[in-house]
Amino acid sequence: MAAEDLTSTAMDHKIAEQPALANGKTNGHTNGTTALPGLDASKLTITRADPTARAVPDQATACSGLETICTDHMITATWKHSTGWSAPELKPYGPLSLMPTASVLHYATECFEGLKAYRGHDGSLRLFRPNLNAKRMLMSSLRISLPGFDPTQVEKLILALMAVDGPKWLPRSRPGSYLYLRPAVIGTQPQLGVQTTKEALLFITASFMPLMDSPQGGLKLHTNPEDMIRAWVGGFGYAKVGANYGPSLLATNEARARGFGQILWLYGPEGYCTEAGASNFFVLWRTKEEEGGKLQLVTAPLDDKLILDGVTRRSVVELARERLAGEVEVVERKYTIDEVVEADREGRLVESFAAGTAYFICPVSQIRHRDHDIHIPMGKGESGQYTARIKGWMTDIMYGNEQHPWGVVVDEQQ
Ligand SMILES: *Cc1c(COP(=O)(O)O)cnc(C)c1O
C-alpha cells in the first residue's frame, strides 16, 4: 500500500473485506479460518415493555426537559472479535451497562447516525433513504476500527424498531410529525490499552427532537474563531464519529452567547466555506456578469473528505439538478467566504440555507465574518423561493404527498 494514501487504502481494504458488500451473501467477518456470524436482523428477539406504563407526551412537553424522551423500546446487538455479532434484541428502553474502562469512554470509539421517521399525511410511516444512513454508519465504524456489518441489516433493524414503536409513539392522529432515530456503535472492551476494541455494541433508539428548521428570522451563522477548525484534510470530518462534535461546542457556545445559532466552519487560509454547525451549507447566488450572470446553487465538494456526505445535502443536489435544470446550475466546488462577501456586496447573493436531518432545510438570514455582516434576503420574511421549493419537494416525499422511492414505508405492527 502506498505510504502517501495509507488511510484511504486501509479503508478500501476494510470495505472490500466486508463480504456482504462484495458479494451480497454473508456478512460475517473471518477470524483466521472460521467465518463468524454477521449482524442478522432476521434473528431479532423481542421483549416487550408494558405498553400502558408510559403515556406519549405531546411534542412541546417532550422537548421541554433536560432529558431526551425515547420511545418504549430500543434495539441492541453486541459484537466480539472472537464470536462475531450476537442476535439483535428489541427490548425496553433503559440504561446500558459499561465498565469504566470501556474503550469508548477513553478513546472516542463511537460513531452514530441520525434519521427521522415521518408520519405521513396518508397515514403511512416512512423513513427517508435509510440505506444511505446505514452505509454511512458502516464507513464511520470502519474509520475508527469498530466492527463491520451488512448495512442492509441495520436498515432492517431500524424498520423493526419503528414497526413496534411507530403506531403508539407517532400515531396516525399526528400527521406531519416525526421521531428522531439514533443508531450508534461503541467500543466496549474493558481494557485501557490504546488499541482496536475487541468488543462493541450497536444500539438504536427513537426519540423526540425539537423542531429546528424555521427559527424566527432565519438561522444566523457566525464564522469560526480564527484559531479553531472543525475538520482538516487528512482528518475524519467526513465520518459521523463522536470525536468530531464535543470539541466544536466551545465555538458554538461562544457564537450562541453573541446571538448566533451556529458556526459557519471555514477552512484554510483561503477561508473555504464547509459546513454550518452539524449541517451542510448551501449558497444560491448569481454569477458575475462576465460569467453569464446565471443562478448557481453552490456547496462544498466531497472529494477532499473535509465535510460530511449528508443525506439531505445529496438529496438537495439531486433534486435541484433534476427539477431546476435550465433554471439553476448546481455546483459542488470549493468556494470562499470572500466570494460570498463579494457576491453580497455586488447584490448577487440570492439565498442560503443549512441542510441536515436535524435542521432539515433551514434558511440562513445572516452571516457574521470577523467585523463584517452579510444579510441574506429571505423572500416573504421566512424563506427564499428556491429554498422553499426544495424544502417543499423533500417534505412531500417524506410525508407521502409524493410517492417516491426515497420514502421507505414502515410495515407497522398494529
Ligand atoms: C449529520 C451531519 C450532517 C447532515 O447529514 P444528514 O445526513 O443530512 O443528516 C452534516 N454535517 C455534519 C458534520 C453532520 O454531522
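Q: Why does Arg 136 count as buried?
A: Its relative accessible area is 8%, and buried means under 20%, with exposed over 50% and partly exposed in between (1.4 Å probe, protein chains only). Arg 136 therefore falls in the buried class. Keep in mind that this is a predicted model, where local features need pLDDT of at least 70, side-chain atom pairs count only at pLDDT 80 or more, and totals for chains, interfaces and linings use all residues. Residues are numbered from 1 along each chain as its sequence is written, and side-chain values use heavy atoms, leaving out hydrogens and water.

Q: What makes the contact between Arg 136 and Glu 113 a salt bridge?
A: The closest N and O atoms of Arg 136 and Glu 113 are 2.7 Å apart. The rule asks for a side-chain nitrogen of Lys or Arg within 4 Å of a carboxyl oxygen of Asp or Glu, so the pair qualifies. Arg 136 sits in helix H5, while Glu 113 is in the loop between strand E7 (110-112) and strand E8 (115-119), so parts 23 residues apart in sequence are tied together. Here helices (H or I, at least four residues) and strands (E, at least two) are DSSP runs numbered from the N terminus. Glu 113 is also buried, at a relative accessible area of 1%.

Q: How many salt bridges does a search of the whole structure find?
A: It finds 23. One of them joins the side chains of Asp 72 and Arg 54, at 3.6 Å from N to O. Asp 72 belongs to the loop between helix H3 (59-62) and strand E4 (73-80), and Arg 54 to the loop between strand E3 (45-46) and H3, 18 residues apart.

Q: Are Asp 72 and Arg 54 buried or exposed?
A: Asp 72, with a relative accessible area of 7%, is buried. Arg 54 comes out at 31% and is therefore partly exposed.

Q: How do you know that Arg 230 and Glu 275 form a salt bridge?
A: Their side chains meet at 2.9 Å, N to O. Arg 230 is in the loop between strand E12 (219-223) and helix H7 (249-257), whereas Glu 275 is in strand E14 (residues 272-276), 45 residues apart. Both ends are buried: Arg 230 has 9% relative accessibility and Glu 275 has 2%. Elsewhere, salt bridges with shared partners join Arg 54, Asp 72 and Lys 168 into one network.

Q: Why is the packing of H5 and H6 called oblique?
A: Helix H5 (residues 130-143) and helix H6 (residues 151-169) pack at about 125°, with axes 8 Å apart. That angle makes H5 oblique to H6, as under 35 degrees counts as roughly parallel, over 145 as roughly antiparallel, 65 to 115 as roughly perpendicular and the rest as oblique.

Q: What is notable about phi of Ser 145?
A: It is near 60°, a positive value in a residue other than glycine. Ser 145 lies in the loop between H5 and H6 and, at 26% relative accessibility, counts as partly exposed. Lys 305 also has phi near 60°; this residue is in the loop between strand E16 (295-299) and helix H8 (311-323), and its 37% relative accessibility makes it partly exposed.

Q: Why is Ala 200 called buried?
A: Its relative accessible area is 2%, so Ala 200 is buried. Ala 200 is part of strand E11, and its C-alpha atom is 5.0 Å from that of Trp 79, 121 residues apart along the chain.

Q: What makes Val 194 exposed?
A: Its relative accessibility is 70%, so Val 194 counts as exposed. Val 194 is in the loop between strand E10 (178-187) and strand E11 (199-207).

Notes: Axes fitted to C-alpha atoms, helices over the stretch in contact; angles between N-to-C directions.
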